[in-house]
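Please consider the chain shown here together with its sequence. The account afterwards proceeds from the whole chain to individual sheets and strands.

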Amino acid sequence: MTLLHWSQQLSDDFLVNWTNRGLLRRATKQSQDVDIREWGITPSHLNGVIDQHQLTLSEKSVDALTCSCGAINTCFHKVAFFIALRQCESQATPETTTEVTSSLAPFSLNEWFIQHCDDLAPIMGKSTVTKAIQHWRKGITLDVETHDEHAIVQCHFASSKSFRLYFPRASQWELATCSCKQHPCVHQAAALIALSIQGNTLAMDEAIFIEKISDKQRAQLRQLEQWLEETLSVGVQNIVPAQLAQAHTLVLELNQVDLPSLSTQLNSVLNTIEYLVANYIDVDYATVIPQITALSLQLHALQQTPLPCPLHLLAGEHKRRYHPVSYHNLMGISVEFWHTDKGAQGYRFYLYDHSQHQWATITDGRKAKRNQGWNSQLSFAHTRCDLKALPSLALMSFSAQSKVTHHNELSIKDTKITSSPTDIEWETLFDHPELQVRAQWQRMQTRRLSNRFASNTDQLGWLCCEQAYQTQHMPYCHYQEAEIVTTCDTRVNVRIPKNIDLSMSNGHQQLLFGRWNCNAKQSYFEVLAMFTKTPLSDEKYGLIQIKTKDKN
């Protein structure tokens with residue numbers, strides 16, 4: 001392969017990873033004014049002039065390209081040099097002809113897969129491979145985009161950092177680049193390990209992949225096991241305040257040793273016990289037994305040697321660990337304000353992500369006795385999302401890019417709206433297939449099995465109703481009950497807040513937005529908001545009108 005043919009294989013994706021998009025745009029514009037007819041082009045040497053600066057290349061390496069401008073970092077003259085060389089016809093030799101013919105085969109990343117981690121050590125070093133394995137243990141998400149001559153891999157790490165990797169057709173490390181600008185780097189090694197595991201070429205039973213929990217984690221697991229034994233020996237109904245205080249301390253300590261999944265489950269057990277003790281005289285503790293059982297199984301799995309699955313799956317992720325998402329197709333729905341008896345308060349703005357087929361939230365709140373002058377309703381009214389007032393996004397459809405947690409909570413400061421918000425069309429929304437009750441239940445079941453179920457978002461849903469229904473007012477309750485028949489002929493028990501007057505809307509097309517509540521005793525749909533295309537007063541009836549498309 002001649003030096004010219006090698007340089008012409010450097011695509012724009014490679015040049016972006018080598019430099020950046022801004023430099024590529026400037027170089028592309030500069031290369032349009034370059035005349036390469038006077039350049040010196042031989043099979044082993046290339047030289048030319050760009051913007052009155054001399055550039056020379058004599059080796060098949062981008063680092064070997066020199067420029068007379070004297071810039072310390074890569075200059076736009078070097079990028080323009082490679083772009084301008086694409087205008088030149090390469091010399092046809094038997095070697096290049098054979099390589100071009102072989103390149104017609106479909107590109108595949110399989111040639112980059114490894115069978116043993118030792119294969120990476122001579123190229124990257126043992127310390128780099130060891131760090132890459134540690135990154136893989138914490139969890140790596142890959143987005144692969146395959147082209148005719150190369151592949152782009154977006155590698156998302158557990159630390160919320162993301163890197164763009166470029167892998168060419170031929171397995172040549174001098175052409176493989178990373179957006180971190182280092183070569184080779186730990187991100188390349190981690191991506192190749194993850195890709196090889198997904199491709200079933202790298203054995204998972206290698207000794208290097210056997211994970212062990214730390215001594216601090218093991219000590220916390222022993223304390224949790226001892227607390228469970230003491231609680232079950234005396235009975236949940238006989239638990240004393242000292243045991244509850246000890247458990248609350250364990251919740252904090254489990255989080256500190258990076259075991260957030262156990263911490264969340266233990267906190268749920270404590271909340272259930274405290275709620276039953278505070279609100280009931282004759283307590284039925286059968287409701288807390290399934291939670292304790294799940295907690296015990298999780299504890300037993302973490303104590304096994306070797307671990308039954310990667311540690312990051314058993315340990316879980318911290319609530320505020322965000323991952324970048326390049327595209328959301330969002331639809332703003334409604335806001336819910338919440339508060340507790342202890343004084344905590346906040347809001348949740350619910351959105352539906354058509355691209356992910358799941359619910360998302362933008363949340364904010366304050367703990368009890370923290371910033372007592374803070375008000376959730378005023379905060380929501382004045383909060384802005386990429387210069388857009390958050391309330392103005394209700395009943396609007398727009399695309400965005402953001403960072404999200406594994407519970408689909410969006411980071412409002414990292415959310416960038418990429419399209420102008422448009423009104424939601426009633427006809428499209430009312431006939432949406434994802435509104436079907438069965439589709440919603442299947443989505444909830446899938447999320448439950450994924451071990452990332454969040455009751456605040458994954459139990460959300462909506463119902464379409466056209467038939468009139470009778471409501472029953474519940475004494476001493478803030479809601480009224482009814483049995484409705486949805487447009488898919490499904491009967492559902494719903495609870496509607498009493499502040500919504502149904503006298504004018506009953507019998508019209510209604511879209512009920514709310515949360516599914518399902519347990520062994522009963523199941524019902526808790527209505528949070530109601531939408532109708534019939535123009536009604538918001539203040540009088542508590543309804544929100546969705547604009548319809550003008551057919552004219």
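The paragraphs below describe the overall composition and then the strand pairings.

This is a predicted model, in which local features need pLDDT of at least 70 and side-chain atom pairs count only at pLDDT 80 or more, whereas totals for chains, interfaces and linings use all residues. Residues are numbered from 1 along each chain as its sequence is written, and side-chain values use heavy atoms, with hydrogens and water left out.

The chain contains 18 helices and 23 strands; these are DSSP runs numbered from the N terminus, helices being H or I runs of at least four residues and strands E runs of at least two. Of the 552 residues in the chain, 45% are buried, a term that denotes under 20% relative accessible area with a 1.4 Å probe, counting protein chains only. The accessible surface of the chain amounts to about 29700 Å², and carbon and sulfur atoms account for 49% of that surface; the areas come from the Shrake-Rupley method with a 1.4 Å probe. Where contacts (heavy atoms within 4.5 Å) in the chain link residues at least 6 apart in sequence, 60% of them join residues at least 24 apart.

One open sheet has 4 strands in the order 1-2-3-4, paired antiparallel; two strands are taken to pair if DSSP finds at least two bridges between them. Strand 1 (40–42) and strand 4 (66–67) lie at the edges with a single partner strand each, so one side of each has no neighbour in the sheet. Helix 4 (residues 76–85) packs on this sheet and touches strand 1, strand 2, strand 3 and strand 4. The direction of helix 4 makes about 115° with that of strand 2, where axes are lines fitted to C-alpha atoms, for helices over the stretch in contact, and angles run from 0 to 180 degrees between N-to-C directions. Within the sheet, 5 bridges connect strand 2 (residues 45–50) with strand 3 (residues 53–57) in the antiparallel sense, and Asn47 has Thr56 in strand 3 as its bridge partner.

A further open sheet of 4 strands follows the order 5-6-7-8, again with antiparallel pairing. Its edges are strand 5 (140–146) and strand 8 (177–178), each with a single partner strand, so one side of each is left without a neighbour in the sheet. Strand 7 (residues 162–168) pairs with strand 8 over 2 antiparallel bridges, and Leu165 stands opposite Cys178 in strand 8.

Strand 21 (residues 510–518) is mostly covered, with 8 of its 9 residues buried. Strand 21 pairs antiparallel with strand 17 (residues 460–465) over 6 bridges, Arg515 being the bridge partner of Leu460. Strand 21 also runs antiparallel to strand 22 (residues 523–532), to which 8 bridges join it; here Asn517 stands opposite Tyr524.

Conventions:
Buried < 20%, exposed > 50% of the residue type's maximum accessible area, 1.4 Å probe, protein only.
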